[in-house]
Amino acid sequence: MKTLHDKVVALTGASSGIGRCLAQQLAARGCRLALADVNEAGLSETMASLPPGTQVTIHLVDVAKKEQVYQWAEDVVAAHGGVDVVINNAGVASQGMIEDLDYDDFNWVFDIVFYGVLYGTKAFLPYLRQRPEGHVVNISSVNGFFPFPSNGPYNCAKHAVKALNQTLIQELRGTNIHITSVHPGGIKTNIVRNSRIIKPLSPKLSKEQAAARFEKIAGTTAEKAASIIISGILNNKQRLLVGKDAYLLDALTRVFPQGFSNLVGRVMLRE
């Protein structure tokens, strides 16, 4: 996609973190925005942070509910006359060892992290086909190719998003629609604070302490992550690593596909 000026961008998870930063940076490039989230107050704050004159609509959408996502797609097209870019960004996590997690803990993550992405992709594809050029950005993670212990639902869901993206790239080859599979490393967002901690890996740490430690070691700001994602759209990147740690994990996983995972697991579980 050569330019984003005057493009209509539909974005989930827009109330905070990477989503809010994407909205701000896309608005600065002259995009027309359709922002979705379950957090109405956060959406309003994001909207208020945009440059004056931004053409934006906000939508209360639970991406885990297929009917709401499809209705959102219809509402976006009705409000903006079409859609050019879809960014499926919403995400959550359930933390705990797989043995300790209930199926509901898995379902909660999969309904948002995987099915929310699937619904968002399929709901908008017919409208993207109507544009000269369309783009779908689906946020996976480094956990889409490298799992951490006590993070099973998130690991599995992000692996599924990666597989979805790779399949779409194959199936949409030669069409007007581009797919970008995004794999962020540690990003300074509220994902740990918003996660369900069923049984913490380190019982000595409170949820707030765990979130603070994550933010301390996370190497990339949400603003930087958003900038990298926008550059990836403009360059039609199919696979996009975000952060130095993402590149390091990718390289080590390629060289030691199981050995590096074993080592990290031993260290984390020992701690």
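**Exercise 1.** Classify F148 in this predicted model: buried, partly exposed or exposed?

*Solution.* Start with the relative accessibility of F148, which is 24%. Buried means under 20%, and exposed means over 50%. The value for F148 falls in between, so F148 counts as partly exposed.

**Exercise 2.** Classify F146 by the same scale.

*Solution.* F146 has 2% relative accessibility. The cut-off for buried is under 20%. F146 therefore counts as buried.

**Exercise 3.** Find how the rings of W72 and F124 are arranged.

*Solution.* Begin with the whole structure: a search finds six aromatic pairs. In the pair of W72 and F124, the ring centres are 5.0 Å apart. The planes meet at 80°. Planes over 60 degrees apart count as edge-to-face, so this pair is edge-to-face. Next, place the residues. W72 sits in helix α3 (residues 66-80) and F124 in helix α4 (residues 103-128). They are 52 residues apart, and the pair links distant parts of the chain. Both W72 and F124 are buried. F146 and F148 also form an edge-to-face pair, with 5.2 Å from centre to centre and 80° between the planes.

**Exercise 4.** Trace the open sheet and name its edge strands.

*Solution.* Write down the order of the seven strands: β3-β2-β1-β4-β6-β7-β11. The pairing is parallel. Now look at the ends. β3 (56-60) and β11 (239-242) each pair on one side only, and they are the edge strands. From one strand to the next, the twist averages 15°. Zoom in on β3: strand β2 (residues 32-37) pairs with β3 over five bridges. There, A36 stands opposite H59. Finally, add helix α2 (residues 40-48), which lies across β2 and β3 and runs at about 170° to β3.

Technical notes: Residues numbered from 1 in each chain as written. Predicted model: local features only at pLDDT ≥ 70, side-chain atom pairs only at ≥ 80, totals over all residues. Heavy atoms only, no water. Pairing = 2+ DSSP bridges. Helix = DSSP H or I, 4+ residues; strand = E, 2+ residues; numbered from the N terminus. Axes fitted to C-alpha atoms, helices over the stretch in contact; angles between N-to-C directions. Contact = heavy atoms within 4.5 Å. Phe/Tyr/Trp six-rings, centres within 6.5 Å; stacked < 30°, edge-to-face > 60°. Buried < 20%, exposed > 50% of the residue type's maximum accessible area, 1.4 Å probe, protein only.
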